[in-house]
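Thank you all for making time this morning. I would like to walk through one chain with you, going from its overall layout to its sheet, its core and a few side-chain pairs.

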Amino acid sequence: IGSVLVIMSRKAPETNVSDEIYIRQRQILDIISKNDSLRDDIIIGSNIEVNKAISKLVPNSWNFTTNICDINLNCPNPISADKIIDKDVYATEVLVTSNLTYYNPKKLRFFVWMK
């Protein structure tokens, strides 16, 4: 029994990659949601500048896409499922409800998969 315990204690702990990805996604969305100009883009439904900002923050090993939707609607991945059928896709979202002058709640959904 002692030798089994010694062998088990030497085994390297397994890391859960999905937890690390979700944490990094939340950090990125937090940065995006606190930027006034990007909030304005999200509220009007334009993700061009949002995607540019995210591309500077994601690791090189990630592919990603975003979708901006009304908060009451389903917000699917805009990438065709047959292109990522063999990938694990991680999705996280943030709500952006208004800027200083305009209330138009939207959700930004952020999809990630490995290259």
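Before anything else, one term: a residue counts as buried when its relative accessible area is under 20%. Please also keep in mind throughout that what you see is a predicted model.

With that term in hand, let me begin with helix H3, which spans residues 36-44. Leu38, Arg39, Asp41, Ile42 and Ile43 of H3 are buried, and the elements that cover the buried residues of this helix include H2, H4, E1, E2 and E3. H3 packs on the sheet, where it touches E1, E2 and E3, and its direction makes about 95° with that of E2. After the helix comes Gly45, whose phi is positive, near 90°.

Let me now step back to the whole chain. The secondary structure comes to 4 helices and 3 strands, and from the N terminus on the order of elements is α-α-α-α-β-β-β. The protein has 115 residues, of which 33% are buried. If one takes the contacts with a separation of 6 or more, 65% of them are between residues 24 or more positions apart.

Next, the sheet. How are its strands ordered? The sheet is open, has 3 strands in the order E1-E3-E2, and is paired in the antiparallel sense. E1 and E2 stand at the edges with a single partner strand each, so one side of either strand has no neighbour in the sheet. From one strand to the next, the twist averages 20°. As a general reminder, strands of a sheet pair through backbone hydrogen bonds, in either a parallel or an antiparallel manner.

Looking at the pairings one at a time, E1 and E3 are antiparallel over 9 bridges, and within that pairing Cys69 has Lys107 of E3 as its bridge partner. E2 and E3 also run antiparallel, joined by 8 bridges, and a hairpin of 4 residues leads from E2 to E3. On this side of the sheet, Tyr90 has Val112 in E3 as its bridge partner, while Thr92 stands opposite Phe110. As for E3, 9 of its 12 residues are buried, so this strand is largely enclosed by the rest of the structure.

H3 is joined on the sheet by H2, which lies across E1, E2 and E3 and runs at about 20° to E2.

That brings me to the core. Which residues touch the most other members of the largest nonpolar core? They are Ile32, Leu108 and Phe110, in a core of 19 residues. At least two residues of this core are supplied by each of H2, H3, helix H4 (48-57), E1, E2 and E3, and the largest share, 4 residues, comes from H2. Leaving aside residues up to four places away in sequence, Ile32 touches Leu38, Arg39, Ile42, Val50, Ala53, Ile54, Leu57 and Leu108. In soluble globular proteins, nonpolar side chains tend to be buried together.

I turn to the aromatic rings, for which the count comes to 2 aromatic pairs. In one of them, Tyr22 and Tyr90 meet edge-to-face, at 5.5 Å centre to centre and with 85° between the planes. Tyr22 lies in helix H2 (residues 17-33) and Tyr90 in strand E2 (residues 90-98), so this pair ties together parts that are 68 residues apart in sequence. The two rings do not have equal cover: Tyr22 is partly exposed, at a relative accessible area of 34%, whereas Tyr90, at 12%, counts as buried.

Phe64 and Phe110 form an aromatic pair that is likewise edge-to-face, with 5.9 Å between the centres and 80° between the planes. Here Phe64 belongs to strand E1 (residues 62-70) and Phe110 to strand E3 (residues 103-114), so that parts 46 residues apart, which are distant in the chain, are linked. Phe110 has 0% relative accessibility and therefore counts as buried.

Last comes the disulfide, of which the count is 1. It joins Cys69 to Cys75, with an S to S distance of 2.2 Å, and both Cys69 and Cys75 are buried. Is this disulfide left-handed or right-handed? The torsion about the S-S bond is about 85°, so the disulfide is right-handed.

Key:
Residues are numbered from 1 along each chain as its sequence is written. This is a predicted model: local features need pLDDT of at least 70, side-chain atom pairs count only at pLDDT 80 or more; totals for chains, interfaces and linings use all residues. Side-chain values use heavy atoms; hydrogens and water are left out. A disulfide is a pair of cysteine sulfur atoms within 2.5 Å. Buried means under 20% relative accessible area, exposed over 50%, partly exposed in between (1.4 Å probe, protein chains only). Rings of Phe, Tyr and Trp (its six-membered ring) pair if their centres lie within 6.5 Å; planes under 30 degrees apart count as stacked, over 60 as edge-to-face and the rest as tilted. Two strands pair if DSSP finds at least two bridges between them. Axes are lines fitted to C-alpha atoms, for helices over the stretch in contact, and angles run from 0 to 180 degrees between N-to-C directions. Contact means heavy atoms within 4.5 Å. A nonpolar core is a set of buried Ala, Val, Leu, Ile, Met, Phe, Trp, Tyr and Cys residues joined through side-chain atoms within 4.5 Å.
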